[in-house]
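Biologist: I am new to this structure and would like a close look at one part of it. Please pick a helix, show how it sits among its neighbours, and then lead me outward from there.

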Amino acid sequence: MHLFPNEDYPNELNAAQRAAVEYNDGPALVIAGAGSGKTRVLVYKILHLIRLGYDPSRLMALTFTNKAAREMRQRIELIIGPAARRLRMGTFHSIFLSILRQHASLLGYSPSFSVYNSSDSKNRIKAIIKQMSLDDKVYKPNAVAGAISRAKNRLISPEAYRANVEYLRLDAKAGLGRLWEIYARYTQELKQSNAMDFDDLLFEINILLRNHPDVLAYWQGQIDYLLIDEYQDTNFAQYMIARQLMQERGNIFVVGDDAQSIYSFRGANLDNILRFRETFAGAKIFKLEQNYRSSQTIVQAAGALIQHNKHQIPKEVFSLGEVGEAIELHEAFSGDMEASWVCKRIDDLRRQTGATYDQFAVLYRTNVQSRTLEQVFRRTGIPFRIYGGRSFFDHKEIMDVVAYMRLVVNPNDEEALLRVINYPRRGIGETTMAKLRQQAFEVGKPLMEVLQELELYELGISRATQSKLSGFAALITELRGLSESTADFYEGMQLMISRTGIPVDLMSDTSLEGKSRQENIKEMLSGIEEYSRNAQEQGQEPSLEAYLSEIALLTDQDKKEHHTETGVTLMTIHAAKGLEFKHVFIVGLEEMLFPSILSVESEKDLEEERRLFYVAITRAEKTCHLGYARQRFRNGRTENTQPSRFLRELPPALLKRNSASIDTMVEFERSGWRQQRGYGRDQMASELPQHFTSQSFLPPSPTGGKRRHIGRRVAGEDAEPEVSHERIGDLRVGGRVRHRIFGDGQITALEGLGDNAKAIVAFDKVGSKKLLIQFARLEPLD
């Protein structure tokens with residue numbers, strides 16, 4: 001079959017892109033600068049391999065979003081036709097979910113296991129904390145879920161966690177001595193529910209490949225080439241998958257940009273890309289340095305900024321596009337006035353260039369910054385949208401329907417059962433459910449099995465309640481029968497949703513909100529019909545299990561990509577990764593905000609903050625505008641601020657400043673910028689492990705085992721010293737202040753971070769006091 005109607009397609013690549021695409025003599029790392037066409041390189045690399053005779057079904061391409069995989073497949077299909085559908089292309093989670101289902105029994109699961117989203121996981125952890133009679137103000141569910149997620153991403157099992165004396169000591173020191181128990185019980189309950197969470201999909205595939213050499217050998221034999229997008233965002237678990245599959249053969253092609261590695265809080269490990277050549281012997285590095293997105297001014301400013309990072313792969317990104325306008329730097333007196341400046345400049349640019357509102361984006365470091373922007377945008381009448389709003393699949397009525405679907409596929413799914421056992425209302429209360437859960441825990445059986453065998457247990461519940469419970473179990477059995485016996489998948493789903501009683505319950509609500517919920521159910525059915533049609537067009541049999549897998553694996557970006565409203569986009573910089581806009585405003589460029597207060601004591605963290613600023617600047621195509629305020633309302637009070645240290649790293653010749661900004665920059669250059677504390681040992685240095693064992697999967701800690709803790713800190717002789725400061729906001733060491741109770745005094749020390757920041761004040765009448773700044777309301781007198 002002739003796959004290439006356009007034999008000249010390589011000529012659509014520049015020299016650097018073509019060199020990367022045509023290289024086929026071993027492992028390859030493509031460093032793709034911002035706007036340099038990395039997707040095009042991945043697409044044409046796959047086309048080139050097929051042109052060389054590789055079978056599309058034996059090429060595995062891994063991405064971080066379904067959107068990226070879908071767009072690449074569509075571009076490939078335009079050239080080679082239906083053969084593109086045979087590619088193993090998708091997100092890490094979707095590809096390895098499919099493999100895990102094939103080998104589920106080897107791991108103690110059935111192939112129909114459920115996939116818990118973050119909400120399911122947090123609900124389960126919250127219930128476990130309650131069952132263990134722990135204080136949820138110490139063992140905060142969100143923080144505990146994050147700790148468990150980080151452990152899994154580093155391939156630390158509950159057994160390995162418990163066996164590590166240092167982890168236990170640090171947890172105990174933080175008042176979290178039973179964290180390992182929560183992790184162990186959470187893992188046990190997931191297994192009992194025949195469920196995996198998102199992190200398990202990568203954790204368990206590593207266990208499968210490690211513990212079953214025959215399975216590893218089989219999949220090594222099935223994959224002739226492994227391609228990975230956004231390699232700088234891979235975590236330890238993803239790194240180990242790539243190593244196990246391809247280290248010996250070397251047929252691996254990865255694309256990424258170390259300068260855009262900004263997701264360490266999700267477990268991403270910059271060393272994966274920096275040390276690629278150490279992992280894959282003989283690897284060759286290609287650099288894509290021509291930016292096709294931004295003006296020369298924007299590209300030069302971003303390049304000058306990122307050069308201040310020590311730990312990177314050097315590159316010289318350039319643009320041959322228009323020179324473009326200077327980057328605007330604006331100082332405002334307050335956050336409110338900064339937002340007003342943004343609105344005025346947007347109106348100015350719309351008049352001058354004819355740009356539409358949806359060609360503008362306002363980027364900020366933290367979500368809380370959107371509040372002031374929203375208020376001012378509403379006041380001025382400029383339409384806007386908050387990117388990353390509520391997902392369609394996060395609506396209650398949709399989650400309820402999905403819970404019934406999950407129970408049809410996997411009756412042992414306890415989280416789904418708990419969600420809908422009393423919806424629509426059946427008169428089954430929390431006391432009854434607590435008894436059932438306790439019984440299930442004691443006998444080590446799934447909750448559904450206990451429901452189906454109520455007569456075997458002394459639960460102390462009435463016959464009427466027993467009848468309601470048995471009726472629910474019978475309904476799930478009936479729904480399973482409907483899904484299996486209806487020939488047409490879409491019709492089967494219609495019948496099943498109707499039989500749950502949810503549509504009837506929603507019809508009783510005649511409010512606007514109720515009508516909106518009814519429309520959402522109709523929209524869901526439309527989506528099911530679309531899924532069924534697409535599956536059939538690809539020669540696949542539509543199934544409820546496959547549909548649930550598809551919606552369970554939607555990434556954050558996939559959920560947020562469908563926006564019908566127009567307006568200026570307000571979003572965090574993390575959410576902006578991968579997007580581009582004609583005109584970009586970056587606000588809040590102040591010390592302790594950007595860079596974050598949590599990063600300024602660590603070289604490693606500070607470099608990531610600089611990469612984050614680099615990502616923000618390179619979202620802009622034509623104009624880039626930077627703003628900061630000299631005062632900002634934070635932590636319940638107005639604080640004086642200093643301009644971000646990153647601003648002095650931008651070439652002055654590329655900036656256009658307002659008069660206030662010029663004065664401030666001159667002042668700080670003359671008096672010296674905030675003294676930066678030393679970082680101690682080089683925190684960037686770490687070792688990539690060559691293997692992992694059943695006892696400890698975690699790479700050695702570069703910081704001597706120190707970790708940030710969740711919950712409260714317990715004082716003791718081993719407690720780390722507080723961070724000291726010369727100034728916090730408008731308070732400074734040596735400055736005179738007034739307290740409403742203690743009177744006047746002089747600040748002798750400032751220490752701590754965030755809500756834990758403290759001032760030590762020598763008061764004239766009552767002596768020395770250590771006060772939490774957020775509550776003390778100290779009034780500066782000089």
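Modeller: The protein chain has 31 helices and 26 strands. This is a predicted model. Of the 782 residues in the protein chain, 54% are buried. Take the contacts between residues at least 6 apart in sequence: 76% of them join residues at least 24 apart.

The close look is at helix α8, which covers residues 165-173. Start just before the helix, at Asn164. A side-chain oxygen of Asn164 comes to within 3.0 Å of the backbone nitrogen of Glu166, at the start of α8. At the other end, α8 is followed by Gly175. The phi of Gly175 is positive, near 80°.

Which residues of α8 are buried? They are Tyr167, Leu170, Asp171 and Lys173. Seen down the axis of α8, these buried residues fall within an arc of 160°, so they line one face of the helix. A general rule helps here. An α-helix has 3.6 residues a turn, so residues three or four places apart point the same way. What do the buried residues of α8 pack against? Their partners are α7 (158-163) and α9 (179-192).

Follow the α7 side of that packing. The loop between α6 (141-153) and α7 holds Leu155. Leu155 is not a glycine, yet its phi is positive, near 65°. Its relative accessible area is 0%, so Leu155 is buried.

Now follow the α9 side. Helix α5 (residues 118-131) meets α9, and their axes come within 10 Å. The two axes cross at roughly 120°. Angles from 65 to 115 degrees count as roughly perpendicular and those over 145 as roughly antiparallel, so α5 and α9 are oblique to each other. Their crossing is right-handed. From α5, the contact is made by Ser121, Arg124, Ile125, Ile128, Ile129 and Gln131. From α9 come Ile182, Arg185, Tyr186, Glu189 and Leu190.

Next, step away from α8 to helix α4, residues 92-102, where Arg101 sits. Is Arg101 buried or exposed? It is buried, with a relative accessible area of 14%. The cut-off for buried is under 20%. The side chains of Arg101 and Ser549 are joined by a polar contact of 3.1 Å. Setting aside residues up to four places away in sequence, Arg101 touches Pro111, Ser112, Phe113, Val115, Glu545 and Ser549.

Glu545 leads on to another helix pair. It belongs to α26, where it takes part in the meeting with α18. Helix α18 covers residues 396-409, and helix α26 covers residues 544-552. Their axes come within 10 Å and cross at roughly 130°. That angle makes α18 oblique to α26. The crossing of α18 and α26 is left-handed. On the α18 side, Val402, Met405, Arg406, Val408 and Val409 make the meeting. On the α26 side, Leu544, Glu545, Tyr547, Leu548 and Ile551 do so.

Some loops deserve a look too. Pro424 is in the loop between α19 (414-420) and α20 (430-443). The peptide bond from Tyr423 to Pro424 is cis, with omega near -10°. Another cis peptide bond joins Phe594 and Pro595, where omega is about 15°. Pro595 lies in the loop between β15 (581-586) and α29 (603-617). Met592 is also placed in the loop between β15 and α29. Met592 is not a glycine, but its phi is positive, about 75°. With 14% relative accessibility, Met592 counts as buried.

End with Val317, in the loop between α15 (296-306) and β10 (318-319). Val317 has 22% relative accessibility and counts as partly exposed. How many residues apart along the chain are Val317 and Ala32? The answer is 285, and their C-alpha atoms are separated by 9.3 Å. Leaving out residues up to four places away in sequence, Val317 touches Gly33, Glu289, Asn291, Val299 and Tyr614.

Terms used. Residues are numbered from 1 along each chain as its sequence is written. This is a predicted model: local features need pLDDT of at least 70, side-chain atom pairs count only at pLDDT 80 or more; totals for chains, interfaces and linings use all residues. Side-chain values use heavy atoms; hydrogens and water are left out. Buried means under 20% relative accessible area, exposed over 50%, partly exposed in between (1.4 Å probe, protein chains only). Helices (H or I, at least four residues) and strands (E, at least two) are DSSP runs, numbered from the N terminus. The arc is that of the directions from the helix axis to the C-beta atoms. Contact means heavy atoms within 4.5 Å. A polar contact is a pair of N or O atoms within 3.5 Å; within protein, one must be able to donate a hydrogen and the other to accept it, and residues adjacent in sequence count only if both atoms are side-chain atoms. Axes are lines fitted to C-alpha atoms, for helices over the stretch in contact, and angles run from 0 to 180 degrees between N-to-C directions. Angles under 35 degrees count as roughly parallel, over 145 as roughly antiparallel, 65 to 115 as roughly perpendicular and the rest as oblique. A crossing is left-handed if the near helix is turned anticlockwise from the far one by less than a right angle, and right-handed if clockwise.
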